[in-house]
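Colleague: Before I plan anything at the bench, I would like to go through this model with you, one question at a time. Please give me the reasoning first and the value or name at the end.

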Amino acid sequence: MKTFEILEHTADLKVRVRGNGLDDLFKNAGLAIFQISAERQITKDKKKHKFSISQNAQNLEELFVNWLNELLSLSAAKEVIFEDIKINKLNEKELEAAAAGSDIINFKVNTEIKAATYHELKIEKIDYRWQAEVIFDV
C-alpha cells in the first residue's frame, strides 16, 4: 500500500496520506515530508539522532498540523532528516512519539518544505482507514 501521493496544486505542495489507524496516519504523514523533500545519498555518518516529541492541541486538525510543523522545525534546527517514527500515544488532543533520523549531510535535499498549513486540510475516516490531505508551504 502506498502511504502517500502528491496531488496537483498551483503553488504549494498538496499531499494525500493514508493509514490503517490514526497512529499510522500521523506516522505516514511525518515520514512523507522527508521522503518527498530528500533522498539518501552516500552515508557519511551512520549515527542516528533520536527525539521525543509531545504535542497537545484543542482538536485533531490542530494536533496534526502541530505535529508536522514540529517535525519540520526539529529537522531544520538539528539538521536531521527523519527516517523512523513511532507513535507511542495518540488521541484527538495529545500525541507522544519518538523520531529518529540521520544528519542532513547524508541526503540530497530536493524540496524545502517550510510548514504544514490549515488551508484545505482534511482528515477523515473512510471504510475503517484514515486519510488526510494537507498543503505544505514550500
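Colleague: Is helix 1 largely enclosed or largely open, and how many of its residues are buried?

Modeller: Please keep in mind that this is a predicted model. Helix 1 covers residues 22-37, and its 16 residues reach 23 Å from the first C-alpha to the last, close to the 22 Å expected at 1.5 Å a residue. A residue counts as buried when its relative accessible area is under 20%. Helix 1 is largely enclosed by the rest of the structure, because the number of its 16 residues that are buried is 13.

Colleague: Which strands are joined to strand 2 by bridges, and how many bridges are there to strand 10?

Modeller: Strand 2, residues 13-19, is mostly covered, with six of its seven residues buried. Strand 1, residues 4-7, runs antiparallel to strand 2 and is joined to it by four bridges, and Leu 7 has Lys 14 as its bridge partner there. Strand 10, residues 129-137, is likewise antiparallel to strand 2, with Val 17 partnered by Ala 132. The strands joined to strand 2 are therefore strand 1 and strand 10, the latter by seven bridges.

Colleague: Lys 14 carries a charged side chain, so is Lys 14 buried or exposed, and what is its relative accessible area?

Modeller: Lys 14 has its place in strand 2. Its C-alpha is 9.0 Å from that of Asp 137, although the two residues are 123 apart in sequence. With under 20% as the cut-off for burial, Lys 14 counts as buried, its relative accessible area being 13%.

Colleague: Is Gln 131 buried or exposed, and what is its relative accessible area?

Modeller: Gln 131 is found in strand 10. Not counting residues up to four places away in sequence, Gln 131 touches Arg 16, Val 17, Arg 18, Leu 25, Lys 122, Ile 123, Glu 124 and Ile 126. Gln 131 is buried, with a relative accessible area of 13%.

Colleague: Along strand 4, which residues point to the buried face, and where does Phe 51 belong?

Modeller: The side chains of strand 4 alternate, with Lys 48, Lys 50, Ser 52, Ser 54 and Asn 56 pointing to a face where they are not buried. Phe 51 has 18% relative accessibility and so counts as buried, and its contacts beyond four places in sequence are Leu 74, Lys 78, Val 80, Phe 82, Ala 97, Ala 98 and Ala 99. Phe 51 therefore belongs with the buried face, whose residues are His 49, Phe 51, Ile 53 and Gln 55.

Colleague: Which strand is joined to strand 4 by nine bridges?

Modeller: Strand 4 covers residues 48-56, and its partner runs antiparallel to it. At one position of this pairing, Asn 56 stands opposite Glu 94. The strand joined to strand 4 by nine bridges, residues 94-103, is strand 6.

Colleague: What is the volume of the largest pocket, and which elements give two or more residues to its lining?

Modeller: The largest pocket is lined by 15 residues, and those nearest its centre are Leu 72, Ser 75, Ala 76, Glu 112 and Ile 113. By class, the lining holds nine nonpolar, three polar and three charged residues. The volume of the largest pocket is about 250 Å³, and the elements giving two or more residues to the lining are helix 1 and helix 2.

Colleague: Is Ile 113 buried or exposed, and what is its relative accessible area?

Modeller: Ile 113 lies in the loop between strand 7 and strand 8. Beyond four places in sequence, its contacts include Leu 13, Ile 33, Ile 36, Leu 72 and Phe 136, and the C-alpha atoms of Ile 113 and Ile 36 are 9.0 Å apart. Ile 113 is buried, with a relative accessible area of 9%.

Colleague: In which loop does Tyr 128 lie, and what is its phi near?

Modeller: Most residues other than glycine have a negative phi. Tyr 128 is exposed, with a relative accessible area of 74%. Tyr 128 lies in the loop between strand 9 and strand 10, and its phi, a positive value, is near 70°.

Technical notes
Residues numbered from 1 in each chain as written. Predicted model: local features only at pLDDT ≥ 70, side-chain atom pairs only at ≥ 80, totals over all residues. Heavy atoms only, no water. Buried < 20%, exposed > 50% of the residue type's maximum accessible area, 1.4 Å probe, protein only. Pairing = 2+ DSSP bridges. Expected span 1.5 Å × (residues − 1). 1 Å grid on protein atoms, 1.4 Å probe; cavity = no way out; pocket = protein on both sides within 12 Å on 5 of 7 lines; lining within 4 Å. Points joined across faces, edges and corners; volume = space filled by probe spheres on them. Nonpolar A, V, L, I, M, F, W, Y, C, P; charged D, E, K, R; others polar. Contact = heavy atoms within 4.5 Å.
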